[in-house]
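Grab a pencil and work through these exercises one at a time. Try each task yourself before you read its solution.

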Amino acid sequence: MTSNARGSKPPGNLTPQKPTMPKVNKLTSGDVTASLKAGFSDFVARPFMSGFFGLFYAVFGILFVWCLFWLGKIWMVIPAAIGFPLIAPFAAAGLYEMSRRLQREESFGWPEILTVMANQRKREMGWMAFVTLFILWVWFYQFRTVLVIVLQDSSFSDLEGFLTTVFLTPEGWTFLAIGSCVGALLSAILFSVTVVAMPMLLEREIDFVSAMLTSIRVVSENPTVMVTWAMIISVTMLLSLVPAFLGLIFTLPILGHTTWHLYQRAVAPVEG
């Protein structure tokens, strides 16, 4: 008896298809400049809505630092202030959606933007939030570890004493050097995996691992441009922290809108 299955081939539509990775484009410094202009235009188009996201982020930062003082965790003030901007890409999800709609000339209000943001918890963005918070936790842990190892004999009960120890003693300089190197490494990792992954996850149906790999490819294939963009973000965000986080009301929205436009230039659109 001959089996009917002998030599048969499965239908082509049942063959597992390997997911197609997004195409990465080559960038120039002109792309960063054009994206900054587009980002500023988006901010000007909806200044109050954009500014709200910056205000919310700034108020959260102020309350976070205040809680550290209240709890007596003086040593955490510096890593909190420096590490706080690391979660900015996730906090800017609403800004990405605003830029997307402005780019398409779609009308929108608070319900549309907040609905899209709320829906992200059901999608891959939640996993990216986990990645971001994990790296932030590593940042605090390494800061505490270096603090204990290098400044083990030092004591400080207030912020002034802590700053004096860190900035005016040889041990403090060693602590700053080691902490800065480790912090720079963690920041580079987080920047590489999120710089285009966040807006991509908002726009496309793609898993977070593929989004992170695409983001890493954008950085690796455009190192000079992306390092320049990372420096712009770092300097701008740190300067925004000086006036009690209030500079973030303006800088966070502009950087968020700009990130969307840079993502559009860095990653080819979905075919079809």
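Accessible areas here come from the Shrake-Rupley method with a 1.4 Å probe, and for residues only the protein chains shown count as cover. This is a predicted model, where local features need pLDDT of at least 70, side-chain atom pairs count only at pLDDT 80 or more, and totals for chains, interfaces and linings use all residues. Residues are numbered from 1 along each chain as its sequence is written, and side-chain values use heavy atoms, with hydrogens and water left out.

**Exercise 1.** Find how much area the protein chain exposes and what share carbon and sulfur atoms supply.

*Solution.* Start with the area: the protein chain exposes about 15100 Å². Next, the share: carbon and sulfur atoms supply 68% of that.

**Exercise 2.** Count the helices and strands in the protein chain.

*Solution.* Helices (H or I, at least four residues) and strands (E, at least two) are DSSP runs, numbered from the N terminus. Counting them gives 13 helices and 0 strands. For the overall span, the C-alpha trace covers about 85 × 55 × 35 Å along its principal axes.

**Exercise 3.** Work out which residues of helix 8 are buried, and what they pack against.

*Solution.* Buried means under 20% relative accessible area, exposed over 50%, and partly exposed in between (1.4 Å probe, protein chains only).

1. In helix 8 (residues 159-168), pick out Phe162, Thr165 and Val166 as buried.
2. These cover an arc of only 90° around the axis (taken from the directions from the helix axis to the C-beta atoms), so they sit on the same side of helix 8.
3. Now flip to the face turned away from the buried side: there you'll find the exposed residues Glu160 and Leu168.
4. Finally, look for contacts (heavy atoms within 4.5 Å). The buried residues of helix 8 pack against helix 3 (77-83), helix 7 (125-150) and helix 9 (170-194).
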